[in-house]
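User: Please walk me through how the labels on this model are justified. I want each value set against its cut-off.

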Amino acid sequence: MSGPVCVTLNTINLGRMPAGGGAKLLAYLGKTRPDDEPLPLVTILDSNGLEDALGAVRAGKGEDARIRRFAVWCARQVQHLMTDPRSVAALDVAERYAEGLATDAELRAAEQAAWRVPDIHETTAAGAAADAAIWAAVPEGIWAGAGVAVWAASVAARRDAAGGGDAAEDAALEAARAAQAVEFRRLFGG
């Protein structure tokens with residue numbers, strides 16, 4: 001890791017940000033239109049939050065290893081909920097791949113094995129955790145995989161707190177999101 005990941009307003013496509021996010025970011029920056037000035041991803045996190053910062057990640061050229069590390073980190077937060085060793089194995093391979101220690105074929109095999117986990121896509125904490133593992137190991141479009149891993153890890157944390165009432169589930173979700181934002185800042189802030 002070296003230095004903060006930067007994008008530009010012209011490369012992130014402000015129109016694709018949800019719920020007026022583009023206008024919000026422009027206002028935060030004191031600008032009226034997109035430009036090509038380098039913009040750290042953590043500035044987008046500060047202005048708009050994690051969802052928009054993750055959406056902007058795709059414009060960070062050459063950052064697949066950092067993005068994968070982030071997706072793996074998110075999934076590791078709910079690893080205790082994974083009921084099938086193939087999910088954990090997918091995370092292990094994805095982590096090694098991000099470090100340059102696993103091949104494309106190993107990553108693809110890990111992803112394919114993780115898709116065969118019985119409880120994926122179930123509306124359970126284990127199912128959401130298994131989804132997070134799959135998306136951390138997705139070979140192509142890792143920026144999208146990171147977003148899904150964040151979502152699945154957040155949902156898994158919330159479902160893990162199930163039974164504690166809506167307030168406990170909401171608190172677990174918010175805690176997961178806050179931790180994800182801290183890790184995003186650490187990885188992408190330099």
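Analyst: The labels are taken in turn below, starting with the ground rules.
This is a predicted model, so local features need pLDDT of at least 70, side-chain atom pairs count only at pLDDT 80 or more, and totals for chains, interfaces and linings use all residues. Residues are numbered from 1 along each chain as its sequence is written, and side-chain values use heavy atoms, with hydrogens and water left out.

User: Why is Ser47 called buried?

Analyst: Buried means under 20% relative accessible area, exposed over 50%, and partly exposed in between (1.4 Å probe, protein chains only). Ser47 has 8% relative accessibility, so Ser47 counts as buried.

User: Where is Ser47 found, and what is Ser47 in contact with beyond its neighbours within four places in sequence?

Analyst: Ser47 lies in helix 3, residues 41-48. Helices here are DSSP runs (H or I, at least four residues), numbered from the N terminus. Contact means heavy atoms within 4.5 Å. Leaving aside neighbours within four places in sequence, Ser47 contacts Lys24, Leu25 and Tyr28.

User: What makes Arg69 and Glu99 a salt bridge?

Analyst: The rule asks for a side-chain nitrogen of Lys or Arg within 4 Å of a carboxyl oxygen of Asp or Glu. In Arg69 and Glu99 the closest N and O atoms are 2.7 Å apart, so the pair meets the rule. The pair links distant parts of the chain, 30 residues apart. Arg69 is in helix 5 (residues 64-76), and Glu99 is in the loop between helix 6 (85-98) and helix 7 (104-115).

User: Why is Arg69 called partly exposed, and why Glu99?

Analyst: Arg69 has a relative accessible area of 26%, so Arg69 is partly exposed. Glu99, at 45%, is partly exposed too.

User: How do you know that Arg76 and Glu95 meet in a salt bridge?

Analyst: Their N to O distance is 3.0 Å, so the pair satisfies the salt-bridge rule. This pair also links distant parts of the chain: Arg76 in helix 5 and Glu95 in helix 6, 19 residues apart. Arg76 has a relative accessible area of 21%, so Arg76 is partly exposed. Glu95, at 37%, counts as partly exposed.

User: Which residue forms a salt bridge with Arg66, and is that pair buried or exposed?

Analyst: Glu63 does, with the closest N and O atoms 2.9 Å apart. Arg66 and Glu63 are both buried.

User: How many salt bridges are there by this rule, and which residues are linked in a network?

Analyst: The count comes to ten salt bridges. Lys31, Asp35 and Glu37 are linked in a network of them.

User: How many aromatic pairs are there, and what makes Phe70 and Phe184 edge-to-face?

Analyst: There are four aromatic pairs. Phe70 and Phe184 lie 5.6 Å centre to centre, with 85 degrees between the planes. Rings of Phe, Tyr and Trp (its six-membered ring) pair if their centres lie within 6.5 Å; planes under 30 degrees apart count as stacked, over 60 as edge-to-face and the rest as tilted. Both values pass, so the pair is edge-to-face. Phe70 is in helix 5 and Phe184 in helix 10 (residues 165-188), 114 residues apart.

User: Why is Phe70 called buried, and why Phe184?

Analyst: Phe70 has a relative accessible area of 0%, so Phe70 is buried. Phe184 is also at 0%, hence buried.

User: Why is the pair of Trp115 and Trp135 edge-to-face?

Analyst: The ring centres of Trp115 and Trp135 are 6.1 Å apart and their planes are at 80 degrees, so the pair is edge-to-face. Trp115 is in helix 7 and Trp135 in helix 8 (residues 125-136), 20 residues apart.

Note on methods: Helix = DSSP H or I, 4+ residues; strand = E, 2+ residues; numbered from the N terminus.
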